Amino acid sequence: MPETHVPAMNAVLGLWAAYWAAIFAQIAHLRMQEDAVGAVAFARIAGLLLAAGLGLFLSAHAG
C-alpha cells in the first residue's frame, strides 16, 4: 500500500470505529432503560471503540 494512502485509511478507520462506538453506546442506553442486561458490556465496548477510533483518527492527522 502506498504511503500516501495510510493516513487516509487511518482516518476512515477512525471514523468507522467512532460510528460503531455510537451504535454500541445507543444499545447500552436502550438496554439500561429496558432491563439493564448487558448494558455495562455494551458501554465498555463503546468506550474501547471510541478510544481506538480517536487513536486512528489522530494518527492520520499527525502524519
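**Exercise 1. Is Trp16 buried or exposed?**

Keep in mind that you are looking at a predicted model.

*Solution.* Start with the number for this residue: Trp16 has a relative accessible area of 52%. Now bring in the cut-off: exposed means over 50%. So Trp16 counts as exposed.

**Exercise 2. Work out which class Trp20 and Leu13 fall into.**

*Solution.* Take Trp20, with a relative accessible area of 33%. The class between under 20% and over 50% is called partly exposed, so that's the label for Trp20, given its 33%. Next comes Leu13, which sits in helix α1, residues 5-34. Leu13 has 34% relative accessibility, so it is partly exposed.

**Exercise 3. Find the nonpolar surface patch that Leu13 and the two Trp residues help to make.**

*Solution.* Pick out Met9, Leu13, Trp16, Tyr19 and Trp20 in the structure. Together they make a nonpolar surface patch of about 520 Å².

**Exercise 4. Describe how the rings of Trp16 and Trp20 are arranged.**

*Solution.* Begin with the tally: there are 3 aromatic pairs by the ring-centre rule. Trp16 and Trp20 form an aromatic pair, with 6.5 Å from centre to centre and 65° between the planes. Planes over 60 degrees apart count as edge-to-face, so this pair is edge-to-face at its 65°.

Then look at the backbone: both residues lie in helix α1, 4 residues apart, or about one turn of the helix. Here's a handy rule: an α-helix has 3.6 residues a turn, so residues three or four places apart point the same way. Finally, widen the view a bit, and you'll find that ring pairs link Trp16, Tyr19 and Trp20 into a cluster.

**Exercise 5. Check the span of α1, then look for its buried residues and what covers them.**

*Solution.* Count along the helix: α1 has 30 residues. From first C-alpha to last, α1 reaches 43 Å, close to the 44 Å expected at 1.5 Å a residue. Now for the buried residues of α1: they are Asn10, Ala11, Gly14, Ala17, Ala21 and Ala28. Their cover includes helix α2, residues 39-62. Before you leave α1, glance just past its end, where Ala36 takes a positive phi of about 70°.

**Exercise 6. How far apart are Gln26 and Ala43 in sequence and in space?**

*Solution.* Locate Gln26 in helix α1. At 42% relative accessibility, Gln26 is partly exposed. Along the sequence, Gln26 and Ala43 are 17 residues apart. In space, the C-alpha to C-alpha distance between Gln26 and Ala43 is 8.8 Å.

Conventions
Residues numbered from 1 in each chain as written. Predicted model: local features only at pLDDT ≥ 70, side-chain atom pairs only at ≥ 80, totals over all residues. Heavy atoms only, no water. Patch = residues over 30% accessible without salt bridge, like charges linked within 9 Å, V, L, I, M, F, W, Y side chains within 5 Å. Areas by Shrake-Rupley, 256 points an atom, 1.4 Å probe, with all protein chains shown as cover. Salt bridge = Lys/Arg side-chain N within 4 Å of Asp/Glu carboxyl O. Helix = DSSP H or I, 4+ residues; strand = E, 2+ residues; numbered from the N terminus. Buried < 20%, exposed > 50% of the residue type's maximum accessible area, 1.4 Å probe, protein only. Phe/Tyr/Trp six-rings, centres within 6.5 Å; stacked < 30°, edge-to-face > 60°. Expected span 1.5 Å × (residues − 1). Contact = heavy atoms within 4.5 Å.
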